Structures are given as structure tokens and as C-alpha cells.
Amino acid sequence: MTELVARSSRVIEARLQKSSVRAISGSMVSYQGQVQFKNAGFGGGAGVLAGLKQKATGESLTLMECAGDGVVQFAVNAQYVTVLPLNNETMQVESRQILALAGNLNTNVQFAGVGGMSSGQGLFTTTVSGTGQVALLSAGGPLIHLEVNPNLPLVVDPDAFVAAKGQLQQSFVTDVSWRSAVGQGGGEAFSLRWQGQGVVSIQPAER
């Protein structure tokens with residue numbers, strides 16, 4: 001069994017007991033014990049379909065597998081790290097924000113819609129499903145978790161979106177007048193709208 005533990009706000013530790021963890025390639029900063037490292041490929045699934053999805057999305061979720069007995073520390077560019085549990089659940093994640101995956105978790109890429117094509121944002125989303133722990137990165141500070149309920153949908157800037165979990169439906173809002181008001185009127189402006197019941201996690205900085 002592998003346990004992910006926050007060593008600080010910007011470093012996580014994977015505690016391996018004859019077990020393994022998958023993490024973004026190049027994110028290991030130190031380790032102790034008998035640990036082996038190998039390439040775990042693209043996190044969008046297996047086979048030709050995953051390769052096609054990777055090309056279509058332009059994603060670069062390249063993972064490495066760390067296995068054995070010991071502890072491994074991970075960090076990426078001094079970004080903040082949050083560890084979230086999944087209990088037979090599915091989470092939608094911006095793939096660039098994934099740091100590590102521990103437990104019985106599967107990753108895939110699903111088509112999210114046709115909005116925002118000129119910016120390339122929000123067309124595809126990476127899903128993580130199963131039981132285990134997910135370590136997510138955020139810029140500007142720790143993740144901010146916002147509750148969504150049927151009476152209170154949430155609109156999020158796609159550059160701030162990190163993850164969503166629960167019984168949520170995503171749609172696109174293209175009439176985003178606030179972007180012009182704050183000087184972000186270039187290109188095709190759109191935001192992500194979430195409705196239903198669940199939690200959306202955002203970072204306090206834009207990509």
C-alpha cells in the first residue's frame with residue numbers, strides 16, 4: 001500500500017511498502033530506500049486510442065512509476081500541492097495539475113465539448129477514477145474548494161480550473177463580459193459553468 005503525505009505546502013512524500021506510485025516524470029526530488037523507477041507512459045489510457053487522444057488534446061501527461069520499499073519526495077517548480085482522496089469516485093482534472101497518483105486509480109481523456117476552440121481550453125478533460133489518492137498542483141497558493149449545489153451553479157475561468165468531483169455537469173459560457181472589463185478581451189472569451197452537486201477546485205492564479 002502507498003500513502004501520499006504532504007511534507008510541506010509544496011512537497012509530497014510517497015511512502016512505499018512493497019508498492020508503487022505514479023508521478024509526473026521529472027518530479028522526484030529525493031528518495032530513500034529500495035526504490036526502482038521506470039517510465040509509465042501517457043496517463044490517458046492504453047493502446048492506440050490513448051495515443052490518438054494525446055495527439056488530439058496536445059496533453060503531455062507523461063508518468064513515471066516508482067516501486068519498492070522506501071519514501072520518495074515529489075515537487076514541481078515550487079507549486080503548492082494538495083492531496084485529495086477518491087473512494088470509488090471519478091474526478092475531472094486539468095492534466096497539467098496532476099503530480100502523483102496512488103492506489104487503484106485509472107486515468108483517461110474524455111471529450112468535454114466544442115466551446116472555446118480558438119483558445120484550445122476546455123475541449124478535453126482528464127478523468128481519474130477508482131479508489132486512492134491524487135496529488136494536485138496549484139499556482140499562487142493552495143487549492144480553493146468551492147461547493148456547487150443545484151441552486152447555486154458555479155462559473156470558473158478555465159485558466160483557474162484544476163479539478164471537479166461529484167454529480168456535476170459542465171457547460172460553456174461564451175458571453176463573458178467580465179473579461180473585457182478586466183482587460184482580457186482578446187480571442188474567443190468563454191468560461192466553464194458547473195451545475196449539480198459537488199466540489200470544484202480552483203487555483204488562485206491563472207495559467
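**Exercise 1. Place phenylalanine 37 in this predicted model: is the residue buried, partly exposed or exposed?**

Solution.
- Step 1: Take the relative accessibility of phenylalanine 37, which is 33%.
- Step 2: Recall the cut-offs: buried is under 20% and exposed is over 50%, with partly exposed in between.
- Step 3: Phenylalanine 37 therefore counts as partly exposed.

**Exercise 2. Find out which kind of aromatic pair tyrosine 31 and phenylalanine 37 form.**

Solution.
- Step 1: A pair of rings is described by the distance of the centres and the angle of the planes.
- Step 2: By the pairing rule, the count comes to two aromatic pairs. In the pair of tyrosine 31 and phenylalanine 37, the centres are 5.0 Å apart and the planes stand at 70°.
- Step 3: Centres must lie within 6.5 Å, and planes over 60 degrees apart count as edge-to-face, so the pair of tyrosine 31 and phenylalanine 37 is edge-to-face.
- Step 4: Now look at the setting. Tyrosine 31 belongs to strand E3, residues 28–42, and is partly exposed at 38% relative accessible area.
- Step 5: Together with Met28, Tyr31 and Phe37 make a nonpolar surface patch with about 250 Å² of accessible area.

**Exercise 3. Classify the pair of phenylalanine 161 and tryptophan 194, then say where the two rings sit.**

Solution.
- Step 1: The ring centres of phenylalanine 161 and tryptophan 194 are 5.3 Å apart and the planes are at 20°, so this pair is stacked.
- Step 2: The pair links distant parts of the chain, 33 residues apart: phenylalanine 161 lies in strand E10 (residues 161–173) and tryptophan 194 in strand E11 (residues 191–202).
- Step 3: Phenylalanine 161 has a relative accessible area of 6%, so that residue is buried. Tryptophan 194, at 0%, is buried too.

**Exercise 4. Which charged residue has its end over the ring of tyrosine 80?**

Solution.
- Step 1: Look above the ring of tyrosine 80, and you will meet the charged end of arginine 10.
- Step 2: This end is 4.1 Å from the ring centre.

**Exercise 5. Work out which strand gives the largest share of the largest nonpolar core.**

Solution.
- Step 1: In soluble globular proteins, nonpolar side chains tend to be buried together.
- Step 2: Here, the largest nonpolar core has 18 residues, and among those with the most contacts inside it are Leu4, Ile12, Val21 and Phe74.
- Step 3: At least two core residues come from each of strands E2 (12–24), E4 (62–74), E6 (98–111) and E7 (124–138).
- Step 4: Strand E2 gives the largest share, five residues.
- Step 5: For the wider picture, the protein has two helices and eleven strands, and 46% of its 207 residues are buried.

Notes: Residues numbered from 1 in each chain as written. Predicted model: local features only at pLDDT ≥ 70, side-chain atom pairs only at ≥ 80, totals over all residues. Heavy atoms only, no water. Phe/Tyr/Trp six-rings, centres within 6.5 Å; stacked < 30°, edge-to-face > 60°. Buried < 20%, exposed > 50% of the residue type's maximum accessible area, 1.4 Å probe, protein only. Helix = DSSP H or I, 4+ residues; strand = E, 2+ residues; numbered from the N terminus. Lys NZ or Arg CZ within 6 Å of the ring centre and 35° of its normal. Patch = residues over 30% accessible without salt bridge, like charges linked within 9 Å, V, L, I, M, F, W, Y side chains within 5 Å. Areas by Shrake-Rupley, 256 points an atom, 1.4 Å probe, with all protein chains shown as cover. Salt bridge = Lys/Arg side-chain N within 4 Å of Asp/Glu carboxyl O. Core = buried A, V, L, I, M, F, W, Y, C linked by side-chain atoms within 4.5 Å.
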